[in-house]
Amino acid sequence: MPAQTIPYAPHYVPAPPTKEDLEWAELPIIDFSNAGTPEGRAELTPQVCNAMRTYGFMYIINHGLTQAQNNRIFDIADVPFTQVPEDEMKRFTADIKNTGSYRGFKPRAVWEIDNGVRDQLEHYNTHRTITELQKHPKAVQPFLPEMRAFTEYNHHHILFPILQILARGLELPEDTFTKIHGFDDKSETYLRFMKYYPRTDEDEQRSKNVWLKGHTDIGTVTILWSQPVSALQILCPDGKWRWIKHIDNAIVVNIGDSMEFLSGGFYKGTIHRVRQPPVDQQGCPRLGVFYFGSANDDVLLKPLVQSPVLQRVGIVRRFDDDKAPTQGQFRSGRTAAYGLSKLEKKNDVVEEQLIHGVPVRHYN
């Protein structure tokens, strides 16, 4: 049989890693070599759960995809931003405010960051099924089978083992979270390609070098494929912002608000932001690949009170159980409001908005 050919995509060459001496976050590095077995997940549970309780962030290595496969998905990720004509891009632009969904393009300058400065990032967002709920620009269409294979791999071989380990950490059955994250169920777990572009010196000064305000993620688990342009920072337990360091072919994983709600505060949705890269990477674009996990739309975001762990350590609630929104309500409400609705200034650092009765904070 002839060898299978893959469609051509221009090779994306990122900037080299920074040589600056930055203050890096000391995150745990989790080896996923054996995460596909119950015994392997049991061994990883203390390490993963401690990371998700302390930092809310961790690295994963040996996840099963090669560096060549990693390079290929970044080549594909750049296609929407470099190969799709502007008029076609407009036709596929997401109606974020009215639909509460990111599916399609998010152009630059949609969100206000600070002092009138608008964002300089573009998204291309696809539902994890890739073709069942949306259409795609012509330049993207040859890559849809590879995108679907990538979402399936992220969902079943990365997201699911993480969810199984998090359930173990609560002394709950392993399928507690996986059964509310069905690949074929109704939810907005999705793949995102995202590209940040350099800003003017004036905009950097007016926004205090912040590209995306401090925030927590909407969903349950975020999977970020590591890339070399340093810009992501997390707010560490000691109150200091520290940089996330690039590790070749690693994944950066963090907990979102929805998992914090479901776990009764046991797992932490950590505040993180994106800021101007260090000096030796300024002027370089920053291309990202994400898999955002969310529970099924009809799941109520209230604590799993049957957890023996929560019964021992107690539950931290952000709202009364009888007022808990569903995942769909919380996700669509936050998506529609982000960067487009007025925030209430609480102090010099914190701004707040209410989403279905849930206070959502932004940090600058």
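Two strands pair if DSSP finds at least two bridges between them; I keep that criterion at hand for these entries on a predicted model.

**Entry: strand S9 and its partners**

I looked up S9 (221-225) and found that it pairs with S12 in the antiparallel sense over five bridges. On this side Val221 stands opposite Ile255 in S12. S9 also pairs with S14, again in the antiparallel sense and over five bridges, and here I noted Leu224 opposite Phe290 in S14.

I then asked how many residues of S9 are buried. The count is five of the five residues, so the strand is largely enclosed by the rest of the structure. In a regular strand the side chains alternate between the two faces of the sheet. For S9 I listed Val221, Ile223 and Trp225 on one side and Thr222 and Leu224 on the other, and both faces are covered, since these residues are all buried.

**Entry: the sheet**

Stepping back, I traced an open sheet of eight strands in the order S1-S2-S12-S9-S14-S7-S6-S3, with mixed pairing. Which strands stand at the edges? They are strand S1 (29-31) and strand S3 (104-106), each of which has a single partner strand, so one side of each is left without a neighbour in the sheet. Neighbouring strands of this sheet are turned by 25° against each other on average, with direction ignored.

Further along the order I checked S6 (residues 121-127) and S7 (residues 190-196), which run antiparallel and are joined by seven bridges; Thr126 stands opposite Leu191 in S7.

I also looked at what lies across these strands, and found helix H5 (residues 144-169) lying across S2 (57-61), S6, S7, S9, S12 (251-255) and S14, running at about 130° to S9.

**Entry: helices H1 and H10**

Helix H1 (residues 38-54) has 17 residues, and from its first C-alpha to its last it reaches 24 Å, close to the 24 Å expected at 1.5 Å a residue. Where does H1 bend? The bend, of about 45°, is at Thr45, and a proline, Pro46, follows within four residues. I listed the buried residues of H1 as Gly40, Arg41, Leu44, Thr45, Val48, Cys49, Ala51 and Met52. An α-helix has 3.6 residues a turn, so residues three or four places apart point the same way. What covers the buried residues of H1 includes S1, S2, H5 and S12. After the helix comes Gly56, whose phi is positive, near 75°.

Helix H10 (residues 327-337) is mostly covered, with nine of its 11 residues buried; among them I noted Gln327, Phe330, Arg331 and Arg334.

**Entry: buried positions in loops, and the cysteines**

I asked whether Ser294, in the loop between S14 (286-293) and helix H9 (308-313), is buried or exposed. At 6% relative accessibility it counts as buried, because the cut-off for that class is under 20%. Not counting residues up to four places away in sequence, Ser294 touches His181, Ser187, Glu188, Thr189, Gly219, Thr220 and Gln327. Gln327 is also one of the buried residues of H10.

Gly269 sits in the loop between helix H8 (257-262) and strand S13 (272-275), and is buried, with a relative accessible area of 12%. Leaving aside neighbours within four places in sequence, I found Gly269 in contact with Thr216, Ile255, Gly256 and Glu260. Ile255 is the residue of S12 that stands opposite Val221.

I searched for disulfides and the structure holds zero. Cys236 is in no disulfide, and the nearest cysteine sulfur, that of Cys49, is 20 Å away. Cys236 counts as buried at 6% relative accessibility, and Cys49 is one of the buried residues of H1.

**Entry: positive phi outside glycine**

Most residues other than glycine have a negative phi, and most peptide bonds are trans. I therefore set down two positions that depart from this as regards phi: Glu171, where phi is near 55°, and Asn209, where phi is near 70°, against the background that most residues other than glycine have a negative phi. Glu171 is found in the loop between H5 and helix H6 (175-178) and counts as partly exposed at 42% relative accessibility. Asn209 is found in the loop between helix H7 (201-206) and strand S8 (210-215), and is partly exposed as well, with a relative accessible area of 24%.

Methods: Residues are numbered from 1 along each chain as its sequence is written. This is a predicted model: local features need pLDDT of at least 70, side-chain atom pairs count only at pLDDT 80 or more; totals for chains, interfaces and linings use all residues. Side-chain values use heavy atoms; hydrogens and water are left out. Helices (H or I, at least four residues) and strands (E, at least two) are DSSP runs, numbered from the N terminus. Buried means under 20% relative accessible area, exposed over 50%, partly exposed in between (1.4 Å probe, protein chains only). Contact means heavy atoms within 4.5 Å. A disulfide is a pair of cysteine sulfur atoms within 2.5 Å. Axes are lines fitted to C-alpha atoms, for helices over the stretch in contact, and angles run from 0 to 180 degrees between N-to-C directions. The expected span of a helix is 1.5 Å times one less than its number of residues. The bend at a residue is the angle between axes fitted to the seven residues ending there and the seven starting there.
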